[in-house]
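This report describes one protein chain for a reader who has not seen it before. Please look over the sequence and the model first.

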Amino acid sequence: MEGDEVRIRKQGAAVILEPMASDWAWLDGIAGKFSEDFFVEGRRQPRLPRSSEVDGMFD
């Protein structure tokens, strides 16, 4: 097994040891590669509405 750390989980009666990833390379296998122009214009999201319940909470 590669690495110095493992994740321990139980599945039914089995105890499973899985190596912990030390980088994000494993994500390429799941998400695939992004095109060169992905995120060129940044992240566009609408502004969140103001909420009177949290106004001033973090001042």
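## Terms and model

A residue counts as exposed when its relative accessible area is over 50%, as buried when that area is under 20%, and as partly exposed in between. The model is predicted.

## Overall form

The protein contains two strands and one helix, and their order along the sequence is β-β-α. Its radius of gyration is 21 Å, whereas the globule rule gives 10 Å for 59 residues, so the protein is more spread out than a compact globule. The C-alpha trace spans about 50 × 35 × 25 Å along its principal axes.

## Surface and charge

Of the 59 residues, 0% are buried. The exposed area is about 6400 Å², with 53% of it supplied by carbon and sulfur atoms.

There are 12 negative and 8 positive side chains, and the centres of these two sets are 6 Å apart.

## Salt bridges

The protein has three salt bridges. One joins the side chains of Arg7 and Glu18, at 3.7 Å from N to O. Arg7 belongs to strand S1 (residues 6-11) and Glu18 to strand S2 (residues 14-19), so this pair ties together parts 11 residues apart in sequence. Glu18 also forms a salt bridge with Arg9, with 3.1 Å between the closest N and O atoms. Arg7, Arg9 and Glu18 are thus linked in a network. Relative accessibility is 42% for Arg7, 34% for Arg9 and 23% for Glu18, and each value falls in the partly exposed range.

Another salt bridge pairs Arg44 with Glu41, whose closest N and O atoms are 2.0 Å apart. Arg44 is exposed at 66% relative accessibility, and Glu41 is exposed at 59%.

Methods
Residues numbered from 1 in each chain as written. Predicted model: local features only at pLDDT ≥ 70, side-chain atom pairs only at ≥ 80, totals over all residues. Heavy atoms only, no water. Helix = DSSP H or I, 4+ residues; strand = E, 2+ residues; numbered from the N terminus. Rg over C-alpha atoms; globule rule 2.2 N^0.38 Å. Buried < 20%, exposed > 50% of the residue type's maximum accessible area, 1.4 Å probe, protein only. Areas by Shrake-Rupley, 256 points an atom, 1.4 Å probe, with all protein chains shown as cover. Lys, Arg positive; Asp, Glu negative; His and termini not counted. Charge placed at Lys NZ, Arg CZ, Asp CG, Glu CD. Salt bridge = Lys/Arg side-chain N within 4 Å of Asp/Glu carboxyl O.
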